[in-house]
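Work through the exercises below with the model open beside you. Try each task before reading its solution.

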Amino acid sequence: MSSDADATPDAGGTPEDYGTLYVVGIGPGLPEHMTMRAKEVIESADVVIASSLYQKFLREDGTLPQDFGDDGIAVRDDGFEQEIVRSTMGRQIELARAAFDYVREGKDVAHVSGGDPSVYGKSDLIFKMADEEGATDVPIEIVPGLTAALGGAANVGAPLCNDFCTISLSDKWRGWDEIEEKLRAAAISDFVIVLYNCWRNYEKAVEIVREERTDDAYVAIVNDAGREDAGRNGESEFITTLGEAVDHDDKVSGMGTSLIIGNHETDTWRNDDRTYLVTPRGGRDVDDF
């Protein structure tokens with residue numbers, strides 16, 4: 001890979017022989033929840049950067065070739081060669097730099113993100129690194145994917161049909177004081193709240209929301225939405241109330257868990273098989289639509 005500073009052109013346009021850096025959201029990772037655009041970009045990219053878990057998902061349905069050599073080179077059935085690069089949390093900055101170099105060599109790069117790359121994904125890092133590395137000459141395209149809030153909501157019915165927000169409980173980049181302020185503001189404003197990164201501080205988050213919202217507000221605990229049995233802990237959903245949510249710690253399995261906290265209008269809808277959550281868009285009567 002070239003690291004020659006002369007590869008960056010003067011501010012006059014993008015060289016025609018550059019490739020494109022695609023930041024690709026693959027949703028939960030299984031093919032039925034991946035957009036056709038995401039699949040096409042990954043299949044045609046010269047270089048694919050993806051974690052071991054996402055590589056596993058993408059190989060199982062043929063989006064990536066089944067086998068590749070020790071050098072990371074995989075050959076598709078039509079003879080097209082792809083370089084497969086393993087991504088890990090500790091290599092994000094290194095891999096962003098590498099992606100810029102690949103693009104300047106004329107290669108298309110698919111940098112794979114679970115869910116949607118702009119919802120707690122990789123998009124912001126790529127743009128930040130492009131600024132810091134003088135890589136504003138590199139073409140970047142974001143390919144959206146199905147995020148956990150939407151996949152989890154579908155699993156439990158229609159809880160997001162009115163105003164909602166997402167809040168990450170990870171305090172790696174944001175201090176807890178800021179997270180608490182957002183939780184309290186969302187609870188007071190009567191947003192339906194989707195909590196990400198629930199392996200961190202979820203009990204504290206629930207207690208803060210309880211200070212501003214009634215204990216009988218409905219809560220859905222969703223694990224590995226859209227991943228069936230292929231995720232870390234298996235796909236599941238469980239409906240409880242805000243007052244009892246922390247009593248179900250056994251349902252919060254880790255990185256794949258999200259909580260959907262309903263507002264004062266969120267209610268249950270039942271058929272013969274299961275219970276759903278529904279937050280009405282406005283009026284409760286059909287004639288109001």
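## Exercise 1: A helix and the residue after it

Task. In this predicted model, list the buried residues of helix 5 (residues 148–156).

Solution. Step 1: apply the cut-off, which is a relative accessible area under 20%. Step 2: read off the residues of helix 5 that meet it, namely Ala149, Gly151, Gly152, Ala153, Asn155 and Val156. Step 3: look just past the end of the helix. Helix 5 is followed by Gly157, and the phi of Gly157 is positive, near 120°.

## Exercise 2: The six-stranded sheet

Task. Find the order of the strands in the open sheet formed by six strands, and name the strands at its edges.

Solution. Step 1: the order is 3-4-2-5-1-6, and the pairing is mixed. Step 2: strand 3 (73–75) and strand 6 (140–143) have a single partner strand each, so one side of each has no neighbour in the sheet. These two strands therefore stand at the edges. Step 3: with direction ignored, neighbouring strands of this sheet are turned by 25° against each other on average.

## Exercise 3: Strand 2 and its partners

Task. State how strand 2 pairs with strand 4 and with strand 5, and decide whether its faces are covered or open.

Solution. Step 1: strand 2 and strand 4 run parallel and are joined by four bridges. Here Val47 stands opposite Glu83 of strand 4. Step 2: strand 2 and strand 5 also run parallel, joined by three bridges. The bridge partner of Val47 in strand 5 is Val109. Step 3: Val47 and Ile49 lie on one side of strand 2, Val48 and Ala50 on the other. All four are buried, and both faces of the strand are covered.

## Exercise 4: Strand 1, strand 5 and two helices

Task. Describe the pairing of strand 1 with strand 5, then find which strands helix 1 lies across and which strands helix 3 touches.

Solution. Step 1: strand 1 (residues 21–25) pairs with strand 5 (residues 109–113) in the parallel sense, over five bridges. Val24 stands opposite Val112 in strand 5. Step 2: helix 1 (residues 36–44) lies across strand 1, strand 2 (47–50), strand 4 (81–86), strand 5 and strand 6. Its direction is at about 135° to strand 1. Step 3: helix 3 (residues 92–104) packs on the sheet and touches strand 1, strand 2, strand 4 and strand 5. The direction of helix 3 makes about 155° with that of strand 5.

## Exercise 5: The five-stranded sheet

Task. Give the strand order and the edge strands of the open sheet formed by five strands, then examine the pair made by strand 10 and strand 12.

Solution. Step 1: the order is 8-9-12-10-11, with mixed pairing. Step 2: strand 8 (164–168) and strand 11 (236–241) each have a single partner strand, so each is left without a neighbour on one side and stands at an edge. Step 3: neighbouring strands of this sheet are turned by 20° against each other on average, direction ignored. Step 4: strand 10 (residues 218–223) pairs with strand 12 (residues 257–261) in the antiparallel sense over five bridges. Val219 is opposite Ile261 in strand 12.

## Exercise 6: Two packed helices

Task. Classify the packing of helix 6 (residues 176–188) against helix 7 (residues 202–210), and place Ala187 in it.

Solution. Step 1: two packed helices are described by the angle between their axes and the distance between the axes. Step 2: for helix 6 and helix 7 the angle is about 40°, and the axes are 9 Å apart. Helix 6 is therefore oblique to helix 7. Step 3: the crossing of the two helices is right-handed. Step 4: Trp176, Glu180, Leu183, Arg184 and Ala187 in helix 6 meet Lys204, Ala205, Ile208 and Val209 in helix 7. Step 5: Ala187 has 4% relative accessibility and counts as buried. Leaving out residues up to four places away in sequence, Ala187 touches Ile193, Val209, Glu212 and Arg213.

## Exercise 7: Cysteines

Task. How many disulfides does the structure contain?

Solution. Step 1: a pair of cysteine sulfur atoms counts as a disulfide if the two are within 2.5 Å. Step 2: a search of the whole structure finds zero disulfides. Step 3: for Cys161, the nearest cysteine sulfur is that of Cys165, 16 Å away. For Cys165, the nearest is that of Cys198, 13 Å away. Step 4: Cys165 counts as buried, at 17% relative accessibility.

How values were computed:
Residues are numbered from 1 along each chain as its sequence is written. This is a predicted model: local features need pLDDT of at least 70, side-chain atom pairs count only at pLDDT 80 or more; totals for chains, interfaces and linings use all residues. Side-chain values use heavy atoms; hydrogens and water are left out. Buried means under 20% relative accessible area, exposed over 50%, partly exposed in between (1.4 Å probe, protein chains only). Two strands pair if DSSP finds at least two bridges between them. Axes are lines fitted to C-alpha atoms, for helices over the stretch in contact, and angles run from 0 to 180 degrees between N-to-C directions. Contact means heavy atoms within 4.5 Å. Angles under 35 degrees count as roughly parallel, over 145 as roughly antiparallel, 65 to 115 as roughly perpendicular and the rest as oblique. A crossing is left-handed if the near helix is turned anticlockwise from the far one by less than a right angle, and right-handed if clockwise.
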